[in-house]
Amino acid sequence: MTATVTAFRWVPPFAQGFVRDLRVRWALEEAGLPYEVELIGLETTASEAYRRWQPFGQVPAYRDDEVEIFESGAILVHLAGKSEALAPTDPAGRARVTTWIISGLNSVEPFAQNLATLDSFHAGQPWVEGYRPMARAILEKRLASLSQWLGDKDWLEGRFTAADIIMVTVLRELVACGILTDFPNLDAYRARGEARPAFARAMADQLQTFRENAPA
Ligand SMILES: N[C@@H](CCC(=O)N[C@@H](CS)C(=O)NCC(=O)O)C(=O)O
């Protein structure tokens, strides 16, 4: 069975290029593994059949010969086990990649998303003024630790891995709020990830779908 990943047929412009099937497409492109994209809309995400595959009705969901899974991080852990392009083959090296995938999703993304959401959806609301400095301070603390870890390395574990796909996609969501200018090595790391040909292919494919299915 060819690997299949679900993606939205169309999303509003603010979300285009950021939908999380991008992570899976990028990983599959890096690995050179063949895959199909199953395009879905709200009629599918609400269906019982889809909820059995992705209980929260979100994208991405993924299946291949071996597994039927959801959560972009879990999908990348699975793919990392299938391709040396995404992780070293030794158990200790693979465990480091899993560690950084979870760290990106659990120790950085919630704080990044919090600030990005404040700026994108709640800017100007009276309660934001008091809350935003705290949200920014927590994120700064996490980014400072990440920046220190990365130092002058190109990638989190010294070579490109699936964990960099997660971390770079988390950091990209922070470009608009400007915080990355305080962390030049993280911003350069984000740009290095986005400069990879596999990222470009994944992004072009996601955007092409939205162009093809734009509402009239
Ligand atoms: N933790 C999930 C998050 C997935 C997620 O947030 N997907 C969004 C698109 S980026 C979605 O499907 N949103 C629609 C919804 O939540 O109903 C993952 O990383 O796979």
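The legends below describe close-up views of a predicted model.

**View 1. The open four-stranded sheet and its edges.** Four strands form an open sheet in the order 2-1-3-4, and the pairing within this sheet is mixed. Strand 2 (35–40) and strand 4 (68–70) stand at the edges with a single partner strand each, so one side of each has no neighbour in the sheet. On average, and with direction ignored, neighbouring strands of this sheet are turned by 25° against each other.

**View 2. The pairing of strand 1 with strand 3, and the helix that packs on the sheet.** Strand 1 (residues 3–8) pairs with strand 3 (residues 61–63) in the antiparallel sense, over two bridges, and Thr4 has Arg63 of strand 3 as its bridge partner. Helix 1 (residues 21–31) packs on this sheet, where it touches strand 1, strand 2 and strand 3, and the direction of helix 1 makes about 145° with that of strand 1.

**View 3. The span and the bend of helix 6.** Helix 6 (residues 126–150) has 25 residues, which at 1.5 Å a residue should span 36 Å, and this agrees with the 37 Å that separate its end C-alpha atoms. Helix 6 nevertheless bends by about 35° at Arg132, with a proline, Pro133, following within four residues. After helix 6 comes Gly151, whose phi is positive, near 50°.

**View 4. The buried residues of helix 6 and what covers them.** Leu139, Leu143 and Leu146 are buried in helix 6, and the elements that cover the buried residues of this helix include helix 5 (91–121) and helix 8 (184–194).

How values were computed. Residues are numbered from 1 along each chain as its sequence is written. This is a predicted model: local features need pLDDT of at least 70, side-chain atom pairs count only at pLDDT 80 or more; totals for chains, interfaces and linings use all residues. Two strands pair if DSSP finds at least two bridges between them. Axes are lines fitted to C-alpha atoms, for helices over the stretch in contact, and angles run from 0 to 180 degrees between N-to-C directions. Two residues are in contact if their C-beta atoms, placed from the backbone, lie within 7 Å. The expected span of a helix is 1.5 Å times one less than its number of residues. The bend at a residue is the angle between axes fitted to the seven residues ending there and the seven starting there. A residue is buried if 20 or more other C-beta atoms lie within 10 Å of its own, exposed if 12 or fewer, and partly exposed in between; C-beta atoms are placed from the backbone.
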